[in-house]
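Please consider the structure below with attention to how its helices pack, where its charged side chains pair, and where its backbone takes less common angles.

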Amino acid sequence: MERFDDIRPYRDNEIEDAMKRIAASEHFPAVCRYVYPDRDINDVRDEICGYSAVRQFQYSVMKAFNEQVIKRSIRNFTFSGVENIPRDKACLYVSNHRDIVLDACLMQYILYLNDIPTTEITFGANLMNGDFVVDIGKSNKMFRVERGGTPKEFYRNSLMLSEYLHHTICENGESVWIAQRNGRTKDGIDRTNPAIIRMFVMGSEKTPEQALADLSIIPVSVSYQWEPCDFLKAYEVYITERDRAYVKKKGEDLNSILTGIMQQKDDFHMHFGTPLTHEHLRPLAGLPMNRFSKEVSQMLDKEINGNYKPMTSNYIAADILESTDNFCDHYTETELEAFIKRMDGLEIYDVENPERLRNIYLGIYANPIKNRGLSIP
């Protein structure tokens, strides 16, 4: 395990020191007020300083955090497909990615509710900034994923990540959560990047189909009534289209994390799909790697998009974007008016083409309907 020390989460014997650093941080009071609004800060500080295991941190602090997120911003919290999760082995949860923190965190809460072990969680190195964030992340079984760099660095980091996944799942018996692509989707189109499939394979000496079968992949579909950071995402896509690039401002990632947590989501649903087994993968044996990775990506996309639960916001956006009433049975006039009122908030952005910004915003919500195979003329 020493070769993974730079990226791995904390072990139990590192939790006590991490808790002391968290409790002493200048950021602790603000976080404590959100997670434990009815408790004395000093009492919470004393409690966490007594933790000596990852499980204690997850099953107290992170449990309380998830419950506050649900209480404050989610009206209906639902999930399905838990029966698809194997109870006798670790697996790799491959999920569509809509929010930096909540997709994985809320999944952990669902696993907790169903007495299923929590997972390790991939977390971009660009987001692990500052001791406070690092300590909370690594205490919550998050491990660092390096992105970018030269082609040589990218290959080396991909190989390290692949080897770590196989070691963690196949040898340590710990499950892992990972997004189906690098970063959140900004346009509502959930597509698995074939490159991530190639990465899964490269850390094993077995055939590609057996290497993937060893990981016991479970496709995960997460759906929100109100997309976390929907305004920020629409604006970023707009600027990227105009300038062919988007340069993040200092502190923008942290702002996105906090916005996703605090913003009203109303309805939330997560579905755990059918595991990808050796039987599914055997017909792909012998294919060139590019073809193999594309075929597997399409398998995952079919599950992830097919199990996405459309919300009223998705149906409304699809009708507005295409000037139809094809899905009017799925929403009320009041819900339509609420969506339009929310969309009018895009006026905070002073852009040259507000109609284009509006259509990008509508696409964030309408595209999951198209992805799921519900036709829009």
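Helices are DSSP runs of H or I with at least four residues, strands are runs of E with at least two, and they are numbered from the N terminus. The model discussed here is predicted.

One loop named with the help of these runs lies between β6 (217–224) and α10, and C229 belongs to it. Although C229 is not a glycine, its phi is positive, at about 65°. With a relative accessible area of 2%, C229 is buried, because buried means under 20% relative accessible area. Most residues other than glycine have a negative phi.

K141 offers another case. Its phi is near 65°, a positive value in a residue other than glycine. The loop that holds K141 runs between α6 (131–139) and β4 (142–145). K141 has a relative accessibility of 11% and therefore counts as buried. A further positive phi, of about 50°, is found at S216, just after α9.

Helix α9 itself deserves a closer reading. How do helix α8 and helix α9 pack? Helix α8 (residues 194–202) and helix α9 (residues 208–215) meet at an angle of about 90°, and their axes are 8 Å apart. This makes α8 roughly perpendicular to α9, because angles of 65 to 115 degrees are classed in that way. On the α8 side the contact is made by I197, F200 and V201, and on the α9 side by P208, A211, L212 and L215. In character, the residues of this contact divide into 7 nonpolar, no polar and no charged.

The buried residues of α9 are E209, A211, L212, A213 and L215. Their packing partners are β2 (92–95), α7 (151–171), α8, β6, α12 (278–281) and α13 (289–306). An α-helix has 3.6 residues a turn, so residues three or four places apart point the same way.

The charged side chains come next. How many salt bridges does the structure hold? There are 24 salt bridges in the structure. One of them joins the side chains of R342 and D230, with an N to O distance of 3.0 Å. R342 lies in helix α15 (residues 333–343) and D230 in helix α10 (residues 230–243), so this pair ties together parts that are 112 residues apart in sequence. The two partners fall into separate accessibility classes: R342 counts as partly exposed at 22% relative accessibility, whereas D230 is buried, with a relative accessible area of 3%.

A salt bridge also links the side chains of D5 and R8, here at 2.8 Å from N to O. Is each partner buried or partly exposed? D5 is partly exposed, with a relative accessible area of 32%, while R8 counts as buried at 7% relative accessibility.

Another salt bridge is formed by the side chains of K248 and D253, at 2.8 Å from N to O. Of this pair, K248 counts as partly exposed, with 41% relative accessibility. Returning to D5 and R8, salt bridges that share partners join these residues with R11 and E14 into one network.

Taken in turn, these features can be located in the model as follows. The positive phi of C229 falls in the loop between β6 and α10, and D230 of the salt bridge with R342 lies in α10. The positive phi of S216 comes just after α9, the helix that packs against α8 at about 90°.

Terms used. Residues numbered from 1 in each chain as written. Predicted model: local features only at pLDDT ≥ 70, side-chain atom pairs only at ≥ 80, totals over all residues. Heavy atoms only, no water. Axes fitted to C-alpha atoms, helices over the stretch in contact; angles between N-to-C directions. Parallel < 35°, antiparallel > 145°, perpendicular 65-115°, else oblique. Contact = heavy atoms within 4.5 Å. Nonpolar A, V, L, I, M, F, W, Y, C, P; charged D, E, K, R; others polar. Salt bridge = Lys/Arg side-chain N within 4 Å of Asp/Glu carboxyl O. Buried < 20%, exposed > 50% of the residue type's maximum accessible area, 1.4 Å probe, protein only.
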